[in-house]
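Trainee: I have a new structure open and don't know where to start. Can you walk me through it?
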Amino acid sequence: PKGGDGVAEALRVLLVTKRGADKARIAAISQFHAVMSTAPADLREDLRGQGLMARLRRCAASRPGTGSDPRWAARLALRSLARRILALDEELAAITAELDRLTLEANPALRAVFGVGPDTATVLLVTVGDNADRIASEAAFAALCGASPVPASSGLRDRHRLNRGGDRQANCALYRIVLTRLATHGPTKDYVARRTAEGKSKKEIIRC
């Protein structure tokens, strides 16, 4: 089993917190848009043409006062939601800074890999755990991440698919790394061109 007494466990706790804050922020933004879309016309007009952050800062600084009409309620709700979103932004920034620091300290070689940022490095380090020696080979790590090839030949064509088991968060992190490298990494682009010339589809190349 994974050891829970080192930096990987610390990263796991922070990652859980960050995911919770992310979900809360998305929900608050959806509520903000919903309240704004049904607010009185003059209030909507005041915020028209502004970006999200400008709207949030303006609503957060507003002073609805007291009242009982829908316009007052909408202003109060928008201020409350705006302050919640801005507070979550600060929380996420602080957690991300800690993830950046801890992953650089724990495995600078991983962070040096093209396409690996604090979030993807955190997920992979959490998947491996504090006792990485329990993973005996690269193949074992691939299976753990759901990235090991599984035969899927039809009889007419020899092909493989990826293992659908393993840690799906780690699999998602690998996928994000691949997408980043496909877009901006020269050697990866050369690899894609070579495998395309061999007749492989983009999906098959990503799996490779």
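Mentor: We will go through cores, one helix, pockets and a few residues. This is a predicted model, where local features need pLDDT of at least 70 and side-chain atom pairs count only at pLDDT 80 or more, while totals for chains, interfaces and linings use all residues. Residues are numbered from 1 along each chain as its sequence is written, and side-chain values use heavy atoms, with hydrogens and water left out.

Trainee: OK, which residues have the most contacts inside the largest nonpolar core?
Mentor: Leu11, Leu110, Val116, Val123, Leu124 and Ala170, in a core of 16 residues. A nonpolar core here is a set of buried Ala, Val, Leu, Ile, Met, Phe, Trp, Tyr and Cys residues joined through side-chain atoms within 4.5 Å. Buried means under 20% relative accessible area, exposed means over 50%, and partly exposed is in between, with a 1.4 Å probe and protein chains only.

Trainee: Which helices supply it?
Mentor: H1 (7-38), H4 (70-106), H6 (118-128) and H8 (168-184) each give at least two residues. The largest share, 5 residues, is from H6. Helices (H or I, at least four residues) and strands (E, at least two) are DSSP runs, numbered from the N terminus.

Trainee: What does Leu124 touch?
Mentor: Leaving out residues up to four places away in sequence, Leu124 touches Leu110, Phe141, Ala170, Ala173, Leu174 and Ile177. Contact means heavy atoms within 4.5 Å.
Mentor: Apart from this core lies another, of 15 residues, including Ala39, Leu43, Leu81 and Ile85.

Trainee: Where is Leu81, and is it buried or exposed?
Mentor: Leu81 is in helix H4, and at 7% relative accessible area Leu81 is buried. Not counting residues up to four places away in sequence, its contacts are Ala28, Gln31, Phe32 and Val35. The C-alpha atoms of Leu81 and Leu162 are separated by 42 Å, and the two residues are 81 apart along the chain.

Trainee: Back to H6. How many of its residues are buried?
Mentor: In H6, 9 of 11 residues are buried, so by the cut-off above H6 is mostly covered. Among them are Thr120, Thr122 and Thr127, along with Val123 and Leu124. The buried residues of H6 pack against H1, H4, helix H5 (108-112), H7 and H8.

Trainee: What follows H6?
Mentor: Gly129, with a positive phi near 90°.

Trainee: Switching to pockets. What is the volume of the largest one?
Mentor: About 870 Å³. Of its 28 lining residues, Ala147, Val178, Ile206, Arg207 and Cys208 are the closest to the centre. On a 1 Å grid over the protein atoms alone, a pocket is an open set of points where a 1.4 Å probe fits, with protein on both sides within 12 Å along at least five of seven lines, and lining residues have an atom within 4 Å of a point. Grid points are joined across faces, edges and corners, and the volume is the space filled by probe spheres set on the points.

Trainee: What lines it, by element and class?
Mentor: Helix H7 (138-144), strand E2 (160-162), H8, helix H9 (186-197) and helix H10 (202-207) each give two or more residues. H8 gives the largest share, 7 residues. The lining divides into 17 nonpolar, 4 polar and 7 charged residues. Ala, Val, Leu, Ile, Met, Phe, Trp, Tyr, Cys and Pro count as nonpolar, Asp, Glu, Lys and Arg as charged, and the others, Gly among them, as polar.

Trainee: And which residues lie nearest the centre of the second largest pocket?
Mentor: Arg159, His160, Lys200, Glu204 and Cys208, out of 13 lining residues. That pocket holds about 260 Å³ of space. Its lining has 4 nonpolar, 2 polar and 7 charged residues.

Trainee: Glu204: buried or exposed?
Mentor: Glu204 counts as buried because its relative accessible area is 13%. Glu204 sits in helix H10 and touches Arg157 and Arg159, not counting residues up to four places away in sequence.

Trainee: And His160: where is it, and what does it contact?
Mentor: His160 is in strand E2 and is partly exposed, at 43% relative accessible area. Leaving aside neighbours within four places in sequence, His160 contacts Pro149, Val150, Pro151, Ala152 and Arg207.

Trainee: Last one. How many disulfides are there, and why is Cys208 not in one?
Mentor: There are 0 disulfides, a disulfide being a pair of cysteine sulfur atoms within 2.5 Å. The sulfur of Cys208 is 17 Å from the closest cysteine sulfur, in Cys145, so the distance is too far for a bond. Cys208 is exposed, at 54% relative accessibility, whereas Cys59 is buried, at 7%.
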